[in-house]
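Visitor: I would like to go through the reasoning behind the labels on this model. Please show it first.

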Amino acid sequence: MARLRLDRVLVVDVEATCWNGPTPEGMESEIIEIGLCELDVTTGERSARRSLMVRPERSTVSLFCTELTTITPEQAAGGIGFAEACEILREQHGAGQRVWASWGEYDRAQFSRQCVATDTRYPFGTRHLNVKNLYSLMHSLDRELGMADALRHAGLPLEGTHHRGVDDAWNIAGLLAGLLGRGNR
């Protein structure tokens, strides 16, 4: 088993196919963008800001999904396969040896479901950090906030486009840096 590396946290946010209402017959929600940002835990610096567009294989990008994420069917169709994206996370970002974080449990659960459904090796190790839960605990809130509300609560601007994985991962990493007492760089 590889040794856990604690120098950086890999912050991940996914966007997945979605619909305004129930999932259409014969389709499954699947990842179409993996946004990531590496957070240096010592300095609070954010780096390796990256978007991996992932080609859907069991669904299509709906108009509702495009309106929410700005990701068009053409952009998603030009993406890489899910297994290749998972390999990039492991090989280029050390996902299996790092703590990884997301805003809530959705991203972790979506990766787990999709890996099982596609017989793809899970890219991450066992150390997942739920920043949404941590933020609420650290600020003694009576409920968990959405990411945009947490940014407002922290007095931080939302950088980029909300519901784009690459921008949400960047913003989540900024919130996590603040929780670690490293400022928001």
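Visitor: How many nonpolar, polar and charged residues are in the lining of the largest pocket, by class?

Guide: This is a predicted model. The lining of its largest pocket has nine nonpolar, six polar and five charged residues. The pocket holds about 360 Å³ of space. Its lining counts 20 residues, and those closest to the centre are D13, V14, E15, Y106 and H163.

Visitor: What makes a residue such as D13 or E15 part of the lining?

Guide: Lining residues have an atom within 4 Å of a point of the pocket. D13 and E15 are among the 20 that line it. Asp and Glu count as charged.

Visitor: Which element gives the most to the lining of the largest pocket?

Guide: β1 does, with four residues. At least two residues each come from β1 (5-16), α1 (63-69), α4 (106-118), α6 and α7.

Visitor: Why is α6 called oblique to α7?

Guide: Helix α6 (residues 147-154) and helix α7 (residues 165-179) pack at an angle of about 40°, with axes 11 Å apart. Under 35 degrees would count as roughly parallel, and 65 to 115 as roughly perpendicular. The angle of about 40° fits neither range, so α6 is oblique to α7. The crossing of α6 past α7 is left-handed.

Visitor: Which residues make that contact, α6 with α7?

Guide: M147, A150, L151 and A154 come from α6, and D168, N171, I172 and L175 from α7. By class, that gives six nonpolar, one polar and one charged residues. Asp counts as charged, and D168 is on the α7 side.

Visitor: Why is α3 called oblique to α4?

Guide: Helix α3 (residues 82-93) packs against α4 at about 125°, with the axes 11 Å apart. Roughly perpendicular ends at 115, and roughly antiparallel needs over 145. An angle of about 125° falls between those limits, which means α3 is oblique to α4. Here too the handedness is given: α3 passes α4 in a left-handed crossing.

Visitor: What makes the contact of α3 with α4?

Guide: F82, C86 and L89 of α3 meet F111, Q114, C115 and T118 of α4. Five are nonpolar, two are polar and none is charged. Cys counts as nonpolar, which covers C86 and C115.

Visitor: How do you know that α5 and α7 are oblique to each other?

Guide: Helix α5 (residues 131-138) and α7 pack at about 40°, with axes 11 Å apart. Roughly parallel requires an angle under 35 degrees. About 40° is outside that limit, therefore α5 and α7 are oblique. α5 passes α7 in a left-handed crossing.

Visitor: Which classes does the contact of α5 with α7 have?

Guide: Eight residues are nonpolar, with no polar and no charged ones. V131, L134, Y135 and M138 come from α5, and I172, L175, L176 and L179 from α7. Tyr counts as nonpolar, and Y135 is one of the α5 residues.

Notes: Residues numbered from 1 in each chain as written. Predicted model: local features only at pLDDT ≥ 70, side-chain atom pairs only at ≥ 80, totals over all residues. Heavy atoms only, no water. Axes fitted to C-alpha atoms, helices over the stretch in contact; angles between N-to-C directions. Left-handed = near helix turned anticlockwise from the far one by under 90°. Contact = heavy atoms within 4.5 Å. 1 Å grid on protein atoms, 1.4 Å probe; cavity = no way out; pocket = protein on both sides within 12 Å on 5 of 7 lines; lining within 4 Å. Points joined across faces, edges and corners; volume = space filled by probe spheres on them.
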